[in-house]
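Biologist: Please take a close look at one part of this model, the nonpolar core, and then work outward from there to the strands and loops around it. A connected account would suit me better than a list.

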Amino acid sequence: QVHLVESGGGLVQAGGSLRLSCAASGRPFNNYVMAWFRQAPGKEREFVALIWSSGTPHYADSVKGRFTISRDNVKNTVSLQMISLKREDTAVYYCAADAISSAVASAYEFWGQGTQVTVSS
């Protein structure tokens, strides 16, 4: 079992920045691909970014160049630095973990509770 806890969400103006963090506990952290997804009201959960244990990232096109995912395999944390935020980035952001990498939410076994990000105009 992997327990994930997100933090760092909040309200920010368009063009601003936020940094989300996810702390993991349980099974060895570096066994897992870590990912961020988001879900806006009335929409399906959407892939944002993932990072392999090696540190190699992969991003959704909608956030490429604005978001940066990183992980610390000693502290068992994964972060998402978000800059140039847009209103359409408003969503609940979820941290996820699985042994297999995927951009599909249903592929992930472990999830955090989510943290709200609201971008105002």
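Modeller: The protein chain of this predicted model exposes about 6100 Å², and carbon and sulfur atoms supply 50% of that area. Buried residues make up 42% of the 121 residues. The radius of gyration is 13 Å, which agrees with the value near 14 Å that a compact globule of 121 residues would have. Along the principal axes, the C-alpha atoms fill a box of roughly 40 × 30 × 25 Å. As for charge, there are 11 positive and 9 negative charges, and their mean positions lie 5 Å apart.

The secondary structure consists of 11 strands and 0 helices, so the order along the sequence is β-β-β-β-β-β-β-β-β-β-β. Contacts reach across the sequence: of those between residues at least 6 apart, 58% join residues at least 24 apart.

Now the core itself. The largest nonpolar core has 38 residues, and the members that touch the most other members are Leu-4, Met-34, Trp-36, Leu-80, Met-82 and Tyr-93. Two or more residues of this core come from each of strands E1 (2–7), E3 (18–26), E4 (33–39), E5 (46–51), E7 (67–72), E8 (77–82), E9 (91–98) and E11 (115–120).

Tyr-93 is a useful place to start, being one of those most connected members. Leaving out residues up to four places away in sequence, Tyr-93 touches Glu-6, Leu-20, Trp-36, Phe-37, Arg-38, Val-48, Phe-67, Leu-80, Met-82, Gly-114, Thr-115 and Val-117. Three of the other highly connected core residues, Trp-36, Leu-80 and Met-82, are thus among the partners of Tyr-93.

Next to Leu-80 in the sequence is Ser-79, which belongs to strand E8. Ser-79 has a relative accessible area of 9%, under the 20% limit, and therefore counts as buried. Beyond its neighbours up to four places away, Ser-79 touches Arg-19, Leu-20, Ser-21, Trp-36, Thr-68, Ile-69 and Ser-70. Trp-36 and Leu-20 are therefore partners of Ser-79 and also appear in the contact list of Tyr-93.

One of the Ser-79 partners, Arg-19, lies in strand E3. With 43% relative accessibility, Arg-19 is partly exposed, whereas Ser-79 is buried. Outside its sequence neighbours up to four places away, Arg-19 touches Ser-7, Gly-8, Ser-70, Ser-79, Leu-80 and Gln-81. Ser-70 is thus in contact with Arg-19 and with Ser-79. The C-alpha atoms of Arg-19 and Glu-46 are 18 Å apart, with these positions 27 residues apart along the chain count.

The loops on either side of E8 each hold a residue with a positive phi. In the loop between E7 and E8, Asn-76 has a phi of about 60° although it is not a glycine. Asn-76 is partly exposed, at 24% relative accessible area. In the loop between E8 and E9, Ser-84 has a phi of about 50°, again without being a glycine. Ser-84 is partly exposed as well, at 37% relative accessibility.

Strand E10 (110–111) contains Phe-110. Phe-110 is buried, with a relative accessible area of 4%. Its C-alpha atom is separated from that of Val-2 by 6.3 Å, although the two residues are 108 apart along the chain. Apart from neighbours within four places in sequence, Phe-110 is in contact with Gln-1, Val-2, Leu-4, Arg-27, Tyr-32, Cys-95, Ala-96 and Ala-97. Leu-4, in that list, is one of the highly connected core residues.

Ala-105 sits in the loop between E9 and E10. Aside from neighbours within four places, Ala-105 is in contact with Phe-37, Arg-45 and Trp-111; Phe-37 is also a partner of Tyr-93. The C-alpha atoms of Ala-105 and Phe-47 are 7.0 Å apart, while the residues are 58 apart along the chain.

Phe-47 also serves as a reference point for Asp-61, with 9.8 Å between the C-alpha atoms and 14 residues of separation along the chain. Asp-61 lies in the loop between strand E6 (57–59) and E7. At 66% relative accessible area, Asp-61 is exposed, in contrast to the buried Phe-110.

Technical notes
Residues numbered from 1 in each chain as written. Predicted model: local features only at pLDDT ≥ 70, side-chain atom pairs only at ≥ 80, totals over all residues. Heavy atoms only, no water. Helix = DSSP H or I, 4+ residues; strand = E, 2+ residues; numbered from the N terminus. Rg over C-alpha atoms; globule rule 2.2 N^0.38 Å. Buried < 20%, exposed > 50% of the residue type's maximum accessible area, 1.4 Å probe, protein only. Contact = heavy atoms within 4.5 Å. Areas by Shrake-Rupley, 256 points an atom, 1.4 Å probe, with all protein chains shown as cover. Lys, Arg positive; Asp, Glu negative; His and termini not counted. Charge placed at Lys NZ, Arg CZ, Asp CG, Glu CD. Core = buried A, V, L, I, M, F, W, Y, C linked by side-chain atoms within 4.5 Å.
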